[in-house]
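Trainee: Could you take me through one part of this fold up close? I'd like to see how it sits in the rest of the chain, and how far I can trust the picture.

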Amino acid sequence: MNADFLLDSVLASLDTLRYSGKLLEESDLRDAVQQGLASPEYRHISLSLCEELKTLNQMQECVSRVSGPEDAESFQLELRGFLQELNCPHTTLADNLDQFDAKLLLIDFLLAELMASRLVALRKATTAEEARESHGVPGNLGCILKTLGMSKPPAHVKAEQMFSKLIEKTKNVLQTAPSGYISPGLVTKTIPEGQWSAVERINDMLTKEYGVRREVLLTRCDVTIQSFKWSDKAKNTVDQFAKLSQVNREKLKCIATVTMAQMLAAKEELLVVHRTGAEDTATSSIKKILMGKVPDRGGRPTETRPPPEMPAFRQRTEAPPMGKRDGGGHGRGGHGGRGKRVQGGWSGTRAQSDDRGGGGRGGWHKETSIERQYSQGAEKTYHS
């Protein structure tokens with residue numbers, strides 16, 4: 001596994017667990033892991049994690065405190081049994097603590113197990129507290145009574161009577177509010193008792209769907225943040241950058257929590273989708289600068305020049321008969337006489353020379369029957 005990725009994971013876990021030791025900087029953490037048991041900080045964090053895990057999970061195995069590298073053999077022996085009881089997937093982790101990646105992976109695994117153990121313990125405590133509250137006023141109902149300024153109802157009051165009082169008190173409070181203070185609700189019809197289970201299933205499906213979407217977006221965010229560290233300018237401020245990013249990243253959760261109570265309390269104002277480019281968004285923390293007027297660069301279709309007009313259509317003139325060409329019939333013309341020789345060339349021209357040259361070689365022409373009759377008739381007329 002990549003060491004840089006493990007370092008980021010360990011730092012994020014330490015910040016989540018509200019760790020206040022000396023290993024919150026990446027350089028300090030790297031040095032402590034490199035030294036291993038020779039580092040007091042590495043020994044302290046390793047043994048502290050093991051002790052808290054033993055208490056929360058009520059484990060049988062334990063890891064005794066060590067004073068330095070000379071106790072490495074006993075530390076590895078106890079750690080091997082401790083990891084086996086935690087069902088650690090890295091079976092040879094305790095045997096490779098002389099390697100940098102193995103020592104870092106040990107801290108990462110113990111931190112992940114501690115976060116999971118704390119969540120399980122918190123869930124058990126919350127369940128026990130809810131069980132105690134079930135005998136009194138539940139949490140949401142207590143908040144409603146406190147908001148409306150009503151006292152705790154007696155124990156003999158039925159649920160129908162109590163909710164009738166709540167509805168009546170709510171209507172009286174809303175009458176004193178300004179007009180349009182609360183928009184109409186999205187759920188306007190009464191849901192039958194048999195359909196509540198279906199509504200809960202739909203809500204669970206949507207929660208899982210949007211949880212996956214959030215996880216995809218957060219993964220993109222993590223990759224983008226990690227790519228920032230590759231810059232040469234960011235190498236000098238890696239610790240400061242990691243600390244700031246972890247604080248803001250921890251606030252983003254993958255789980256989308258929309259309860260049934262929130263669904264029933266949803267108002268029509270949620271259906272209004274504000275434009276991203278609206279002017280009221282200029283005061284947000286993301287968009288604080290409005291661009292001024294820019295020069296008019298044109299580009300409007302109505303202001304462009306029209307294309308040049310095509311020439312008017314004219315019908316094509318009639319073509320000459322097929323096979324007829326200029327240049328005379330088939331035959332060879334005579335050669336013209338040569339004029340007198342002068343300086344620079346021959347002086348004979350067609351107009352001055354007594355010898356007239358014949359025409360050039362005519363083009364090939366196949367005489368038709370009509371042309372033959374016409375030529376014979378013209379010859380008879382000439383001789384007569």
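Mentor: One term before we zoom in: accessible areas here come from the Shrake-Rupley method with a 1.4 Å probe, and for residues only the protein chains shown count as cover. Keep in mind too that this is a predicted model. By that method the accessible surface of the chain comes to about 30900 Å², and 55% of that surface belongs to carbon and sulfur atoms. Buried residues account for 20% of the 384 residues in the chain.

On trust, the mean pLDDT of the chain is 75, with 75% of its residues at 70 or more. The stretch to be wary of is 324-365, where the pLDDT is below 50; beyond near neighbours in sequence, that stretch has 37 contacts in the model. Where pLDDT is low, the predicted coordinates shouldn't be read in detail.

Now the layout. You've got 11 helices and 2 strands, and along the sequence they run α-α-α-α-α-α-α-α-α-α-β-β-α. Of the contacts between residues at least 6 apart in sequence, 57% join residues at least 24 apart.

I'd pick helix 3 for the close look, which covers 40-57. Its 18 residues should span 26 Å at 1.5 Å a residue, and its end C-alpha atoms are 26 Å apart, so the two agree. The buried residues of this helix are Y42, R43, I45, S46, L47, L49, C50 and L53.

What does helix 3 pack into? The largest nonpolar core has 41 residues, and those with the most contacts inside it are F75, L79, F82, L83, L106 and L110. Helix 3 is one of the elements that give two or more residues to this core, alongside helix 1 (3-16), helix 2 (26-35), helix 4 and helix 5. Helix 5 gives the most, with 10 residues. As background, nonpolar side chains tend to be buried together in soluble globular proteins.

F82 is a good residue to click on. Leaving aside neighbours within four places in sequence, F82 is in contact with C50, L53, K54, M59, E61, C62, V63 and L110. There is also a second, separate core of 5 residues, including L141, L148, M162 and L166.

Two of those F82 partners are cysteines, so check their sulfurs. The sulfur of C50 has its closest cysteine sulfur in C62, at 9.6 Å, which is too far for a bond. A search of the whole structure finds 0 disulfides. C50 counts as buried because its relative accessible area is 3%, whereas C62 is partly exposed because its value is 40%.

Last, the end of the helix. Just after helix 3, Q58 takes a positive phi of about 50°. Most residues other than glycine have a negative phi, which makes this a spot to look at. Q58 sits in the loop between helix 3 and helix 4 (72-85), and it counts as exposed because its relative accessibility is 68%. N87 is another non-glycine residue with a positive phi, about 55°. N87 lies in the loop between helix 4 and helix 5 (100-133), and it counts as exposed because its relative accessibility is 66%.

Note on methods:
Residues are numbered from 1 along each chain as its sequence is written. This is a predicted model: local features need pLDDT of at least 70, side-chain atom pairs count only at pLDDT 80 or more; totals for chains, interfaces and linings use all residues. Side-chain values use heavy atoms; hydrogens and water are left out. Helices (H or I, at least four residues) and strands (E, at least two) are DSSP runs, numbered from the N terminus. Buried means under 20% relative accessible area, exposed over 50%, partly exposed in between (1.4 Å probe, protein chains only). pLDDT is the predictor's confidence in each residue, from 0 to 100. Contact means heavy atoms within 4.5 Å. The expected span of a helix is 1.5 Å times one less than its number of residues. A nonpolar core is a set of buried Ala, Val, Leu, Ile, Met, Phe, Trp, Tyr and Cys residues joined through side-chain atoms within 4.5 Å. A disulfide is a pair of cysteine sulfur atoms within 2.5 Å.
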